[in-house]
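Grab a pencil and work through these short exercises. Each one sets a task and then walks through the solution.

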Amino acid sequence: MSKAREFIDFWTANSIHPVEQYRTPGASQDVEELSMRLVEAAGEQGISESDLLAEIGEVSEYIRDRLRAANDAERERRSLA
């Protein structure tokens, strides 16, 4: 596994969260903000934006997909509760 992939997986697990119930403030759902944060955090670890692109393609599309998956999983979890 590449350094970029490891970082992306770690960052995503710690930064992408479902929207909270009852419209309470919580995890950001802003794709642009999260995309910028991922690129900046990767850069701080010596991982270039081109490294990210090679691993995940377009950053904002990847973030959008991860948010959708997190929100879908949370809806499913709540419906089973």
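**Exercise 1: Place one threonine**

The side chain of Thr 12 comes within 2.7 Å of the backbone oxygen of Ile 8. This is a predicted model, where local features need pLDDT of at least 70 and side-chain atom pairs pLDDT 80 or more, while totals for chains, interfaces and linings use all residues. Residues are numbered from 1 along each chain as its sequence is written, and side-chain values use heavy atoms, leaving out hydrogens and water.

Task: work out where Thr 12 sits and which residues Thr 12 touches, not counting residues up to four places away in sequence.

- Step 1: find the element. Thr 12 belongs to helix H1, residues 3-15 (helices are DSSP runs of H or I with at least four residues, strands runs of E with at least two, numbered from the N terminus).
- Step 2: check the cover. Thr 12 counts as buried because its relative accessibility is 11% (buried means under 20%, exposed over 50%, partly exposed in between, with a 1.4 Å probe and protein chains only).
- Step 3: list the neighbours. Beyond that sequence window, Thr 12 touches Tyr 62 and Arg 66 (contact means heavy atoms within 4.5 Å).

**Exercise 2: Zoom out**

Task: describe the secondary structure of the protein and say what share of its residues is buried.

- Step 1: count elements. You get four helices and zero strands, in the order α-α-α-α from the N terminus.
- Step 2: get the extent. The C-alpha trace spans about 40 × 25 × 20 Å along its principal axes.
- Step 3: look at burial. Of the 81 residues, 31% are buried.
- Step 4: sort the contacts. Taking those between residues at least 6 apart in sequence, 69% join residues at least 24 apart.

Conventions
A polar contact is a pair of N or O atoms within 3.5 Å; within protein, one must be able to donate a hydrogen and the other to accept it, and residues adjacent in sequence count only if both atoms are side-chain atoms.
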